[in-house]
Structures are given as C-alpha cells and as structure tokens.
Amino acid sequence: MSRTVGRFAPSPSGRMHLGNLWSCLLAWLAARSEGGGMVLRLEDLDPDRCRQEYCDQVMRDLEWLGLDWDNEPVYQSRRTQAYAQAFNELERQGLIYPCFCTRAERLAASAPHRSDGTAVYDGRCGRLRLEEQEELSKTRRPAWRARVPEEIITFRDLLQGNYEEELKRDCGDFILRRSDGVYAYQLAVVVDDAAMGVTQVVRGSDLLSSSPRQLWLQDRLSLPHPEYGHLPLLLASDGRRLAKRDRDLELGRLQEEFTAPEIVGRLAFAAGLIDRRSAISPRELVPLFSWEKLPKEDMVL
C-alpha cells in the first residue's frame with residue numbers, strides 16, 4: 001500500500017485567515033494520522049497578486065502553529081516548463097482552443113449559472129474557423145481553453161460522499177492558460193500533485209466542483225488520481241465566505257489575542273475532534289483525527 005502524501009497549497013496573496021488555517025490543520029492531520037508526508041506548495045502563479053514576502057509569511061505562520069512539512073517548499077512560479085509540457089500534450093490531442101472573448105463577452109457567452117453562481121462558458125470560440133482565429137489574433141492575445149466532452153465524471157469524496165458532474169453542462173470549456181501567458185490553477189495543480197506524489201487532497205468545499213475537471217485532466221495526461229476530501233467552509237457572522245481582502249479573522253489579528261495552541265484548539269473543537277475549547281497542539285490532535293467526526297455543513301463563526 002502506498003504511503004499517504006498530503007499537501008498545503010496556499011496562495012501567497014496576503015496573510016492567511018482562519019479559513020485557511022482550518023484547511024491547513026485538517027489537511028495536515030489527515031495525512032499525519034496515517035503516518036503520511038506533507039508537501040508545502042506555494043501557488044504563486046499570479047504575478048500581480050503574489051509576492052515573496054507573503055510566501056515567507058505563510059511559512060512563518062505554519063511553523064508558529066506547529067504545522068510542519070517535508071522537504072523544501074515548492075514554488076509554482078518556478079515550474080512553468082512542466083505546465084507548458086502538459087499544455088503541449090493537450091494541444092497534441094486536439095483538446096484546447098484559443099478564446100478571444102473579453103470578460104464582458106465571456107459573460108454574454110455564458111449559459112445559465114450553475115447552482116454555485118458560476119457562469120458556464122458556451123464554447124463559442126471553439127467553433128471559430130482557422131481564418132477567423134488568425135484574424136482575431138492580429139488584435140487580441142487569446143486565452144486557451146480545454147474542450148470538454150459531454151462526459152459524466154463521478155468520484156467519492158472522503159467527507160462529502162458521492163459527487164458527479166456532466167462536464168459540458170456543469171463546468172463548460174475552462175481556461176488552461178490566461179491571455180497574459182499565466183497557466184491556470186486547474187492545469188497547474190494537476191501537474192504538481194502528480195509530480196510531488198500527492199495522494200490525498202484536503203481543501204475547502206468551494207473547490208469541490210474543480211475536482212471533476214482535474215480528474216478529467218489527469219486521465220488525459222495519464223496521471224494518477226489522488227483521493228479528495230472537501231471540508232465545510234468557515235463563514236463570517238453575516239454568512240460571507242472569509243476573504244483575505246477583507247482581513248476577516250486574519251492570523252495577524254488573531255495572534256494579538258490568542259496563542260497558537262488556543263487557535264488550534266478552537267479549530268479542533270469546531271471540527272469535532274475535542275469536546276471543549278481548550279489549548280492543544282497539532283501533534284496532540286493526530287491520534288484524535290477521524291473523518292467520521294468532521295462536520296459536513298458550512299459553519300458561521
């Protein structure tokens with residue numbers, strides 16, 4: 001039986017908030033409770049939002065909380081050659097096409113929204129003739145999309161149970177490379193999880209609908225499927241998702257009031273791993289972790 005390997009994959013675009021810590025702690029416990037390893041991958045592909053100072057802060061914050069990782073951290077910004085190789089393989093298979101739509105045009109070209117509010121692109125640029133593509137490319141740099149089939153993708157989530165999507169209807173043709181040349185999240189994480197031997201992906205339920213796309217890409221690129229476990233979200237008191245831009249319960253503010261064991265203890269209590277809010281270290285929680293204890297519904301703080 002292969003060894004479990006989990007991962008932290010924060011986006012270093014600001015200080016982590018309590019929701020980020022929730023995902024990091026439970027991903028770490030899920031892997032360590034099985035005697036597994038942990039990868040730290042800094043998803044810093046977006047040059048406009050991600051900075052080295054934020055990367056450094058992420059590592060200091062994880063260490064302060066008592067969450068360790070194995071080997072050196074991985075920076076996605078240094079792995080563009082690997083993404084290019086995967087992109088070229090998908091192009092060889094005829095699975096990508098250029099999209100010249102502006103943001104307004106993309107919205108206008110979208111099918112009715114999914115239940116989570118995400119618009120589904122109708123694939124209009126995928127129907128352009130070669131001469132139309134060549135003409136548009138004279139004035140616009142295209143993004144590149146995956147051409148998805150009418151295929152149903154199903155998998156069993158470690159926490160949420162059975163989940164399925166019909167790719168064409170539920171997600172549509174999705175971006176693989178932006179018009180500025182930056183490779184998109186969906187492609188990068190698939191390539192990286194395989195390259196780093198990740199066997200278990202634990203993250204927020206807001207990314208549950210990304211899993212079918214990633215499973216489809218893994219099959220197209222002959223890559224293994226990790227297990228997925230999608231956690232309920234921690235919500236602000238008004239029901240909003242926590243966001244770095246709002247500085248909602250960011251760690252810097254929490255550190256003014258709580259010690260690391262107190263923060264970990266409050267998260268562990270919310271996760272159902274302990275029966276009262278008490279200070280505790282991540283190491284002490286390892287033997288207490290169980291998927292059966294975790295809540296499945298989002299929680300308002």
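**Figure 1. Salt bridge between Asp68 and Arg283 in the predicted model.** In this predicted model, Asp68 and Arg283 form a salt bridge whose closest N and O atoms are 2.9 Å apart. The pair connects distant parts of the chain, with 215 residues separating the partners. Asp68 belongs to the loop between helix H2 (52-65) and strand E3 (74-75), whereas Arg283 is part of helix H11 (residues 282-285). Asp68 has a relative accessibility of 30% and counts as partly exposed. In total, the structure contains 18 salt bridges.

**Figure 2. Salt bridge between Arg124 and Asp122.** The side chains of Arg124 and Asp122 meet at an N to O distance of 3.7 Å. Arg124 is partly exposed, its relative accessible area being 39%. Asp122 is likewise partly exposed, at 31% relative accessibility.

**Figure 3. Salt bridge between Asp170 and Arg169, and a salt-bridge network.** Asp170 and Arg169 are joined through their side chains in a salt bridge with an N to O distance of 2.9 Å. Asp170 counts as buried, with 17% relative accessibility, while Arg169 counts as exposed, with 55%. Elsewhere, one network arises from salt bridges with shared partners, joining Arg7, Arg41, Glu43, Arg79, Asp192 and Asp193.

**Figure 4. The hairpin of strands E8 and E9.** Strand E8 (residues 152-157) and strand E9 (residues 161-166) are paired in the antiparallel sense over 6 bridges. The two strands form a hairpin, with 3 residues between them. Side chains alternate along E8: those of Ile153, Phe155 and Asp157 point to one face and are buried. Ile152, Thr154 and Arg156 point to the other face and are not buried. Across the pairing, Phe155 of E8 stands opposite Tyr163 in E9.

**Figure 5. The second largest pocket and its lining.** The volume of the second largest pocket is about 360 Å³. Its lining comprises 14 residues, and those nearest the pocket centre are Leu18, Arg266, Ala270, Arg277 and Leu301. Helix H10 (260-270) and strand E14 (299-300) are the elements that each supply two or more lining residues. H10 provides the largest share of the lining, namely 5 residues. Classified by residue type, the lining has 12 nonpolar and 2 charged residues, with no polar ones.

**Figure 6. Helix H2 and the residue that follows.** H2 consists of 14 residues and spans 20 Å from its first C-alpha to its last, close to the 20 Å expected at 1.5 Å a residue. Within H2, the buried residues are Cys55, Gln57, Val58, Met59, Asp61, Leu62 and Leu65. An α-helix has 3.6 residues a turn, so residues three or four places apart point the same way. H2 is followed by Gly66, which has a positive phi near 90°.

**Figure 7. Positive phi at Asn71 and Ser222.** Asn71 is not a glycine, yet its phi is positive, about 65°. The loop between H2 and E3 contains Asn71, and this residue is exposed, with a relative accessible area of 70%. Ser222, also a residue other than glycine, has a positive phi near 55°. Ser222 is found in the loop between helix H8 (210-220) and strand E12 (227-231). Its relative accessible area is 68%, and Ser222 is therefore exposed.

Notes. Residues numbered from 1 in each chain as written. Predicted model: local features only at pLDDT ≥ 70, side-chain atom pairs only at ≥ 80, totals over all residues. Heavy atoms only, no water. Salt bridge = Lys/Arg side-chain N within 4 Å of Asp/Glu carboxyl O. Helix = DSSP H or I, 4+ residues; strand = E, 2+ residues; numbered from the N terminus. Buried < 20%, exposed > 50% of the residue type's maximum accessible area, 1.4 Å probe, protein only. Pairing = 2+ DSSP bridges. 1 Å grid on protein atoms, 1.4 Å probe; cavity = no way out; pocket = protein on both sides within 12 Å on 5 of 7 lines; lining within 4 Å. Points joined across faces, edges and corners; volume = space filled by probe spheres on them. Nonpolar A, V, L, I, M, F, W, Y, C, P; charged D, E, K, R; others polar. Expected span 1.5 Å × (residues − 1).
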